[in-house]
Amino acid sequence: MTRYILLKNARIINVAEKSLCDSDILIRQKDAQSDSEIVAVGSGISLPDTSDSMIKTLDLHGQFVCPSFTDMRCDICEPGNRNREDFESLGAAAALGGFGAVCSIPIDGIDASDQTVLDYIFENEHRTGGIKILPCVNLVSSDGEINDIESLAKGGVVAFYDDGRAPLSVLKKAMEVCAKNGLLVIVHCQENALVGKGVMNEGNTSKMLGLNGISASCEEIAVAKNLLLAAETNCRLHVSHVSTARSVEMIRKAKADGVRVSCDTSVQYFALTDSDIPFYSANAKVMPPLRTEKDRVAITEAIEDGTIDCICSDHSPKTVREKPNDLEKALPGMIGLQTAFTVSLDRLVMGGHIDIFRLVELFTSSCASIIGFGYDIKIGQKAYLNVFSLEADTFFQSENSRSKSKNSPFLETGFRGCLTHTVTDGVLNTNPDISVF
């Protein structure tokens with residue numbers, strides 16, 4: 001028997017035209033013989049013969065529908081850190097958060113070749129329940145040499161990554177190789193020599209708490225360095241999780257000057273500041289650290305004017321032991337797959353900064369244009385799409401977090417607007433955190 005899902009009375013978002021289309025959507029679910037498929041889009045859809053099929057109908061009553069999201073930054077943890085997250089829990093969290101694909105950053109602490117890790121990912125990707133993994137590997141190997149970039153790209157790597165460890169001379173040569181082959185370089189901008197024993201942003205709050213600070217220049221020097229090298233080599237550069245006002249200003253100018261640069265941020269940098277640290281403690285310890293209110297406003301404005309291209313989950317699971325209630329001992333990072341869109345909907349759309357077209361663009365088409373992978377709501381495509389409402393609200397509960405780790409400052413928090421349903425490779429998921437305040 002063939003199973004179908006009929007979504008009635010949807011309002012499909014067209015980002016390119018900034019328009020809405022009232023429509024029904026018929027989806028054939030995945031089975032042993034075939035992939036999921038969007039069978040029909042429009043009004044007056046002819047339904048299959050019910051003698052050999054089963055149709056589940058869901059009336060959306062005018063809720064918005066958009067393609068599934070592509071995440072530009074996610075720590076998948078496997079192989080090596082399955083106590084934090086495994087492919088099953090990653091897939092469950094991503095599906096509820098609306099992500100159909102995640103760009104994985106290199107996994108720390110793995111004593112294996114990049115090709116071995118890639119093979120492991122591709123062999124185990126089916127365990128995510130339909131979530132596509134887009135792997136990145138380091139530009140430079142652990143011994144300080146340029147990786148076999150061309151070979152790895154042919155093997156399925158979508159981008160090459162540097163977190164500030166690569167020596168400048170090697171970084172420049174690696175960027176030249178990537179530029180020659182049209183490959184993307186993703187950078188976590190951090191001057192490691194300036195981090196020292198820093199725990200949080202250097203400022204009034206760190207002084208009040210008596211904690212070592214990490215200056216904004218720790219990020220900004222690295223941003224400037226990478227922008228200069230990208231301009232010189234003509235390399236495609238993507239700056240990950242931007243957090244400071246000066247960083248976005250430098251990127252804004254570089255874009256105007258023709259540098260091939262894009263960037264993303266994550267929700268903590270426009271939803272929280274370093275003054276929130278005393279309330280959330282270790283769960284608000286991230287890297288780069290939460291910044292000042294001035295930085296938060298600048299990040300929001302950069303989202304509004306297009307300087308920031310997309311919003312990533314920055315999903316970084318940590319266990320309870322790795323997040324003790326001691327900022328100096330706790331590891332940085334927070335989970336974000338289930339909350340990235342929800343927090344953005346609340347703070348950016350319901351907060352009056354952007355409209356729903358810009359919000360969807362930040363999670364879909366902008367990411368696809370950078371990483372080269374995305375989803376669309378078209379007949380014949382696999383069924384990956386999201387449903388959201390401005391009328392319902394969300395209350396993100398710890399018991400409904402699908403990640404193995406629970407390191408989020410947004411647990412037990414309410415948000416305006418709601419991602420009500422997601423469809424991941426034809427599988428319908430209902431948000432358990434829908435709430436009416």
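**R291**

I started with R291. I found R291 in the loop between helix 10 (277–280) and helix 11 (293–305). I noted that the model is a predicted one.

Is R291 buried or exposed? Its relative accessibility is 3%, so R291 counts as buried. The cut-off for buried is under 20%.

Next I listed what R291 touches, leaving out residues up to four places away in sequence. The list holds N201, I214, S215, A216, E219, S243, T244, T273 and D274.

**N226**

I moved on to N226. N226 sits in helix 7, which covers residues 217–233. I looked up its accessibility: N226 has 2%, so N226 is buried too.

Which residues does N226 touch, not counting those up to four places away in sequence? I found L171, M175, V187, C189 and L237.

I then followed the side chain of N226. The side chain reaches the backbone oxygen of A222, and the distance is 2.8 Å. A222 is four places before N226 in the numbering. I recalled the general rule: an α-helix has 3.6 residues a turn, so residues three or four places apart point the same way.

I also checked N226 against V239. The two are 13 residues apart along the chain, and 8.6 Å separates their C-alpha atoms.

**Helix 13**

Helix 13 spans residues 356–363. How many of its eight residues are buried? I got seven, so helix 13 is largely enclosed by the rest of the structure. The buried ones are I356, F357, R358, L359, V360, L362 and F363.

What caps the N-terminal end of helix 13? I found D355 there. One of the side-chain oxygens of D355 lies 3.1 Å from the backbone nitrogen of F357.

**The whole protein**

Last, I stepped back to the whole chain. I looked up 14 helices and 19 strands. The radius of gyration is 21 Å, and the globule rule gives 22 Å for 437 residues, so the protein is as compact as a globular protein of that length. Along the principal axes, the C-alpha atoms fill a box of roughly 70 × 50 × 45 Å.

Buried residues make up 58% of the 437. I took contacts with a separation of 6 or more and found that 74% of them join residues 24 or more positions apart.

For the surface, I noted about 17700 Å² exposed, with 48% of it from carbon and sulfur atoms. For charge, I noted 42 positive and 58 negative side chains. The centres of these two sets are 2 Å apart.

Key: Residues numbered from 1 in each chain as written. Predicted model: local features only at pLDDT ≥ 70, side-chain atom pairs only at ≥ 80, totals over all residues. Heavy atoms only, no water. Helix = DSSP H or I, 4+ residues; strand = E, 2+ residues; numbered from the N terminus. Rg over C-alpha atoms; globule rule 2.2 N^0.38 Å. Buried < 20%, exposed > 50% of the residue type's maximum accessible area, 1.4 Å probe, protein only. Contact = heavy atoms within 4.5 Å. Areas by Shrake-Rupley, 256 points an atom, 1.4 Å probe, with all protein chains shown as cover. Lys, Arg positive; Asp, Glu negative; His and termini not counted. Charge placed at Lys NZ, Arg CZ, Asp CG, Glu CD. Polar contact = N/O pair within 3.5 Å; in protein donor to acceptor, adjacent residues only side chain to side chain.
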